[in-house]
Amino acid sequence: MEIIQQDIPHIQNSLLGWYNANKRDLPWRRHSNAYYTLVSEIMLQQTKVATVIPYFERFISRFPTVYDLAAANDDEVVKLWEGLGYYSRARNLHAAVKEVVAIYGGQIPNRKTEISKLKGIGPYTTGAVLSIAYNQKVPAVDGNVMRVFSRIFALEDDIAKPATRKKMEEVAELLIPDHSPGDFNQALMELGATVCTPKSPQCLFCPVNDSCLAYEKGLEKVLPIKKKARAPEKISIMMYAVTFNRKLLVVKRPASGLLANMWSLPTEDRMEEMPHLQQVEEYCEINGYSAKISKDIYYFDHIFSHRHWKIVLIPIELDQPPEFLPKRSIWVEQHAISDFAFPKVYLKALEQLGYRN
Ligand code: SF4
């Protein structure tokens, strides 16, 4: 492997020296606490540090220990995650911490074989917790680290392929020093987040520019190679804001699939292309609604990682109470809407309807 040809101790020292002088003061770095590391690493997946900080602080102030989180109600955990997206992370974290309390006496396990079996804990989080909280020499390879390795070692492997992650973990194993594995992994992540950024790497200010093959060859904006994922599938969605007596009908989504168990508005997807009014009339007929259909129809888009919802949001004001309600639905007074955890797409809808500022 080409890495062998580079001066590993020099890269280690340059990166650690830079990290110690420049690391950001982040709330989860102020104490050595495996629980804080676990929560922060799960929140940071697919999410920027600046977004995570207030969520982390609120979460830890409400659930300061694994015991507090394990004893919490699922809805409250998800409510504190509201707006952070990828809600299965919150549910998996909750389940993992319950296992920590039930099986490991409240201690986040410090063995790879144990921690990696906890719900939702993949190789990256395993490596991050073991190296940062327990100072073990275990790789923690995320997108930032793959980008940095691709550039320093001029690796042309497609980082979108799962096999490339394995190769990057082998690179990390060669590179992580015995004496500071946690700091070294964090230094790599920090370099990727602040200096070796995706579009504008700051090579002139980079602590490892004298060892970087991409910089030497002028490839820093060419690497890493990442073949484009397919564009998210476009799906037509009808959302209904059904009100009666100034109460809004909210529905808990199914227990599995997209946005599982989150609160929502009644939603129909994969709609045929037909006039909206006709669809709404059919919807009212099926649900036994006698209603006024508002002329204020809202159109907006929301893009998930694999789906692109093209949404038509229609207010329906009922003249009389319906004979039956959809499964898992309840009426909510306007002032109580904020007590429920809605994913971002429904928060957007509630904003358009004037239920949130
Ligand atoms: S020199 Fe440039 S491309 Fe190389 S690691 Fe540093 S910032 Fe990234």
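The exercises below, each with a worked solution, concern a predicted model of a protein chain with a ligand.

Residues are numbered from 1 along each chain as its sequence is written. Because the model is predicted, local features need pLDDT of at least 70 and side-chain atom pairs count only at pLDDT 80 or more, while totals for chains, interfaces and linings use all residues, and side-chain values use heavy atoms, with hydrogens and water left out.

**Exercise 1. The chain as a whole**

Describe the secondary structure, the extent and the burial of the protein chain.

Solution. Begin with the secondary structure, which comes to 14 helices and eight strands; helices (H or I, at least four residues) and strands (E, at least two) are DSSP runs, numbered from the N terminus. Next take the extent: the C-alpha trace spans about 75 × 50 × 30 Å along its principal axes. Then turn to burial, where 50% of the 357 residues count as buried; buried means under 20% relative accessible area, exposed over 50%, and partly exposed in between, with a 1.4 Å probe and protein chains only. Finally, among contacts (heavy atoms within 4.5 Å) between residues at least 6 apart in sequence, 69% join residues at least 24 apart.

**Exercise 2. Helices H6 and H2**

Determine whether the length of helix H6 agrees or disagrees with its number of residues, and then work out how H6 and H2 are covered.

Solution. Helix H6 covers residues 88-104, and its 17 residues at 1.5 Å a residue should span 24 Å, since the expected span is 1.5 Å times one less than the number of residues. The end C-alpha atoms of H6 are 23 Å apart, which agrees with that expectation. Just after H6, Gly105 takes a positive phi of about 60°. The buried residues of H6 are Arg89, Ala90, Arg91, Leu93, His94, Ala96, Val97 and Val100, and what covers them includes helix H2 (34-44), helix H3 (49-62), helix H4 (66-70) and helix H5 (74-81).

For H2, eleven of the eleven residues are buried, so this helix is largely enclosed by the rest of the structure. Among these buried residues are Tyr35, Tyr36, Glu41 and Met43, and the buried residues of H2 pack against H3, H4, H5, H6, H8 and H11.

**Exercise 3. The surroundings of the ligand**

Find where the ligand sits and classify the residues of the shell around it.

Solution. The ligand sits in the largest cavity. A cavity is a set of points on a 1 Å grid over the protein atoms alone where a 1.4 Å probe fits but cannot get out, and a molecule sits in one if more than half of its atoms lie within 2 Å of its grid points. The residues around the ligand, meaning those with a heavy atom within 4 Å of it, are Arg151, Ile152, Cys196, Pro201, Cys203, Cys206, Asn209, Cys212, Tyr215 and Glu220. They divide into seven nonpolar, one polar and two charged, where Ala, Val, Leu, Ile, Met, Phe, Trp, Tyr, Cys and Pro count as nonpolar, Asp, Glu, Lys and Arg as charged, and the others, Gly among them, as polar.

**Exercise 4. Ser200, Ser211 and Thr126**

Decide for each of these residues whether it is buried, partly exposed or exposed, and list its contacts beyond four places in sequence.

Solution. Ser200 lies in the loop between helix H11 (181-194) and helix H12 (213-217), and because its relative accessibility is 40%, Ser200 counts as partly exposed. Apart from its neighbours within four places in sequence, Ser200 is in contact with Val195 and Lys221.

Ser211 has its place in the loop between H11 and H12, but is buried, with a relative accessible area of 10%. Leaving out neighbours within four places, Ser211 is in contact with Gln6, His10, Ile11 and Ile152.

Thr126 lies in helix H8 (residues 123-133) and counts as buried at 3% relative accessibility. Its contacts, with neighbours within four places left aside, are Lys112, Ile115, Ser116 and Ile121.

**Exercise 5. Backbone details in the loops**

Locate the cis peptide bond and the positive phi values of Ala154 and Asn261.

Solution. The peptide bond from Leu223 to Pro224 is cis, with omega near 0°, and Pro224 is placed in the loop between H12 and strand E1 (233-244). Ala154 has a phi near 50°, a positive value in a residue other than glycine; Ala154 lies in the loop between helix H9 (143-152) and helix H10 (162-175) and is buried at 12% relative accessibility. Asn261 has a positive phi near 65° and lies in the loop between strand E2 (247-252) and strand E3 (263-264).

Key:
On a 1 Å grid over the protein atoms alone, a cavity is a set of points where a 1.4 Å probe fits but cannot get out, and a pocket is an open set with protein on both sides within 12 Å along at least five of seven lines; lining residues have an atom within 4 Å of a point.
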